[in-house]
Amino acid sequence: MFTKKRLLFIGIWIALFGAGALVLTRFVPGPEKKPESGLRPAPSATAAASASLRPPASDPLESLRARAAAGNVEAQSKLGRMFHDGDGVSVDKKEAVKWQTMAAEKGDATAQFYLGVNCQLGEGGLSADAAKANRLYLEAAKKGDPRAQYNLGINRAKGIGAAPDAAEAVAWLTKSAKQGFAPAEYMMGVACWAGEGVRQDRREALEWMRRAALKNDTAAQVFMGVAYFEGSVVTPDYYQSRQWFEKAANLGNTDALFNLGEFYLNGVGVEKNPDTAKKFYQLAADRGFDRARSRLAAL
């Protein structure tokens, strides 16, 4: 018999801030397994949000270099971003850090954020220094950069570069989330769900999750799917649950792919269809999801 315990309840229910991942500037899709550093890019859903945070790379490169060399902070910041992201040029972290440093010293928030990431990861010829990264994030966060606010919040939650401080972490995550930054909205959902650094309010948690999910944050979409499946805060609704899992699965989320396999294998809100279940398990297994491989082997 199918029971709720068989559905995959991902770690966000108990891991609290351990679920947070550092934003690595370009918001490109990250690997299913975390890099050895423990840091991973933010979900691909945030690509749309990032577009409004970066100026278009429209200036001819030589003209931009000339302006940057003459001390123009906007040009310096833009070159730093371009060389970091490989936007119109080959990725060159050392060249990126050179221009980021110049712009950051002049108080440019975008450069401070990027330089903070390079300091934390030890890239571009820099030694890894989380405390220095936090100082750079703080300068950018005070100027309203939502990515810096988010990274600072995650580091304070996890005790990276400073002692852990849940209340301060939530304060910065709230600022970022209120600007509509999806990873921060997701983390505020985690905090409100668990009552970590903030009063526990699971309805508010789901509202934060819904906001992030509507921006295609796949972790938030899976959270919503589990919430509608479990029905502890909202009325149980297998159709809504499946809809959220399908949104996340379409973006490659392995948790969602596995859960859809469970739905079709056990006939949860759909007719039982082992063949369809196997297809979802296989998609998850192809992405390295061990539990899906075990399920396939048992069928």
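In this predicted model, helices H15 and H16 are oblique to each other, because their packing angle of about 140 degrees falls short of the over 145 needed to count as roughly antiparallel. H15 covers residues 274-286 and H16 covers residues 290-298, and their axes lie 7 Å apart. The crossing of H15 past H16 is left-handed. For a reader who would like to find this pair on the structure, the residues to look for in H15 are Lys-278, Tyr-281, Gln-282, Ala-284 and Ala-285. On the side of H16, they meet Ala-292, Arg-293, Arg-295 and Leu-296.

This helix pair belongs to a protein with 16 helices and 0 strands. Of its 299 residues, 50% count as buried. Contacts between residues 24 or more positions apart make up 52% of those with a separation of 6 or more. On the outside, the protein exposes about 13,200 Å², and 50% of that area is supplied by carbon and sulfur atoms.

The interior is a good place to look next. In soluble globular proteins, nonpolar side chains tend to be buried together. Here, the largest nonpolar core holds 29 residues. The members that touch the most others are Tyr-150, Tyr-186, Met-187, Met-188, Leu-206, Met-209 and Met-224. Helices H8 (146-158), H9 (166-178), H10 (182-194), H11 (202-214) and H12 (218-230) are the elements that each give two or more residues to this core. H10 provides the largest share, with 9 residues.

Leu-206 offers a handy point from which to explore the surroundings. Leaving aside residues up to four places away in sequence, Leu-206 touches Trp-193, Phe-223, Met-224, Ala-227, Val-233 and Val-234. Apart from the largest core lies another one, made up of 22 residues. Its members include Ala-256, Leu-265, Tyr-281 and Phe-289. Tyr-281 has already appeared above, as one of the H15 residues that meet H16.

A last stop is Lys-158, which lies in helix H8. Is this residue buried, exposed or partly exposed? With a relative accessible area of 31%, Lys-158 is partly exposed, because this value is neither under 20%, as buried requires, nor over 50%, as exposed requires. Along the chain, Lys-158 and Ala-169 are 11 residues apart, and their C-alpha atoms are separated by 8.8 Å.

Conventions: Residues are numbered from 1 along each chain as its sequence is written. This is a predicted model: local features need pLDDT of at least 70, side-chain atom pairs count only at pLDDT 80 or more; totals for chains, interfaces and linings use all residues. Side-chain values use heavy atoms; hydrogens and water are left out. A nonpolar core is a set of buried Ala, Val, Leu, Ile, Met, Phe, Trp, Tyr and Cys residues joined through side-chain atoms within 4.5 Å. Buried means under 20% relative accessible area, exposed over 50%, partly exposed in between (1.4 Å probe, protein chains only). Helices (H or I, at least four residues) and strands (E, at least two) are DSSP runs, numbered from the N terminus. Contact means heavy atoms within 4.5 Å. Accessible areas come from the Shrake-Rupley method with a 1.4 Å probe; for residues, only the protein chains shown count as cover. Axes are lines fitted to C-alpha atoms, for helices over the stretch in contact, and angles run from 0 to 180 degrees between N-to-C directions. Angles under 35 degrees count as roughly parallel, over 145 as roughly antiparallel, 65 to 115 as roughly perpendicular and the rest as oblique. A crossing is left-handed if the near helix is turned anticlockwise from the far one by less than a right angle, and right-handed if clockwise.
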